[in-house]
Amino acid sequence: MGKLTGQVAFITGAARGQGRAHAVKMASEGADIIAVDLCAPVATAGYDMATEADLAETVALVEAQGRGIAATVADTRDLDALQKAVDAGVERFGRLDIVVANAGIAASPKLSWDLTSDEFREMMDINVTGVWQSTKVAIPHLLAGGRGGSVVLISSMAGLRGVPGIVHYSTAKHAVRGMAKSLANELAWANIRVNSVHPGNVRTTMIDNEAMVRGFRPDLEHPVLADTAAIMQKLNLLPEPWVEAEVIADAVLFLVGDTGRGITGIALPVDLGTAEKFAGG
């Protein structure tokens, strides 16, 4: 018996990175998975998005855990497509217990006044509206089940601090934190817990891409992620430059499982201490 045996989890942005880590972790603990991912380029992101091949790999990894997965290519900005994906998954598995609104894009460093309207708008559309729409299509299924449930919104350390150079991203991630706190108040009567998780730098494509790496090491002609390690470590209290996606998945598992049954409305940093680091440290 796993910690989530018999439960069903809906996870957005599941094709790779943190979303894949959540799907595989929860499947390893007995959950069936409803997975969606855009699997297409995002014009303002500045790095490559996941592909349908990535989503297929997530499917294979979940099935290797002996669990079922209903995977759909869908954009969290497309409410109808998202609704159809969730409804089909619930019809297949018969229930919904867990929601992890993980899909989002990172931001290449740029001062606020240099951002274009398209860059700001697309960030809000994906990282705020897409998160809200993911909860909108899922919450009625949680309520219909009458068993309670757990919702986790993936924010960022930048949703706890004012981070310069990524104003649109930090703004969006603060909004996600507020969304989680409001939903926690709206849904507590039904024993549905809502929390936000705030990762620091996680070693996925969101930081391991040319634009992000060059932002940390403009002094190098062809920088790679390893070249940023010393700089990234200085951002943290703990002596590591970044965390692995599986570390975030462990924290989310704690919240959605029985271990988190008394927790709602919190903003949980999983960031090596970045959000708490004294500025002079």
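This is a walk through two parts of a predicted model, strand 5 with its partners and then helix 1.

Let's begin with strand 5, which covers residues 149-154. How many of its six residues are buried? Six of the six are, and the strand counts as mostly covered. In a regular strand the side chains alternate between the two faces of the sheet. With that in mind, look at the two sides in turn. Gly149, Val151 and Leu153 sit on one side, while Ser150, Val152 and Ile154 sit on the other. Both sets are buried, so both faces of this strand are covered.

Now for the partners. Strand 5 pairs with strand 4 (residues 98-101) in the parallel sense, over four bridges. To find the register, look for alanine 101, which stands opposite leucine 153. Getting from one strand to the other takes the chain through helix 4 (residues 117-145), and strand 4, helix 4 and strand 5 together make a right-handed β-α-β unit.

Strand 5 also pairs with strand 6 (residues 192-199), again in the parallel sense, and here there are six bridges. Which residue of strand 6 is the bridge partner of serine 150? That would be arginine 193. On the way from strand 5 to strand 6 the chain passes through helix 5 (residues 167-187), and this β-α-β crossover is right-handed.

Next, head back along the chain to helix 1, residues 17-28. A quick check on its geometry: at 1.5 Å a residue, its twelve residues should span 16 Å, and the end C-alpha atoms are 17 Å apart, which agrees. Nine of the twelve residues are buried, so the helix is largely enclosed by the rest of the structure. Among the buried ones are Gln18, Arg20, His22 and Val24, along with Met26. Just after the helix, glycine 30 takes a positive phi of about 105°.

Methionine 26 is a good residue to stop at. Its relative accessible area is 1%, so it falls under the 20% cut-off and counts as buried. What does methionine 26 touch, leaving out residues up to four places away in sequence? The contacts are Leu4, Ala9, Ile11, Ala31, Ile33, Ile98, Val100, Val252 and Val256.

Take isoleucine 98 from that set: it is 72 residues from methionine 26 in sequence, yet the two C-alpha atoms are 9.9 Å apart in space. This also brings us back to where we started, since residues 98-101 form strand 4, which pairs with strand 5.

Conventions
Residues numbered from 1 in each chain as written. Predicted model: local features only at pLDDT ≥ 70, side-chain atom pairs only at ≥ 80, totals over all residues. Heavy atoms only, no water. Buried < 20%, exposed > 50% of the residue type's maximum accessible area, 1.4 Å probe, protein only. Helix = DSSP H or I, 4+ residues; strand = E, 2+ residues; numbered from the N terminus. Pairing = 2+ DSSP bridges. Right-handed = clockwise from strand over helix to strand, strands pointing away. Contact = heavy atoms within 4.5 Å. Expected span 1.5 Å × (residues − 1).
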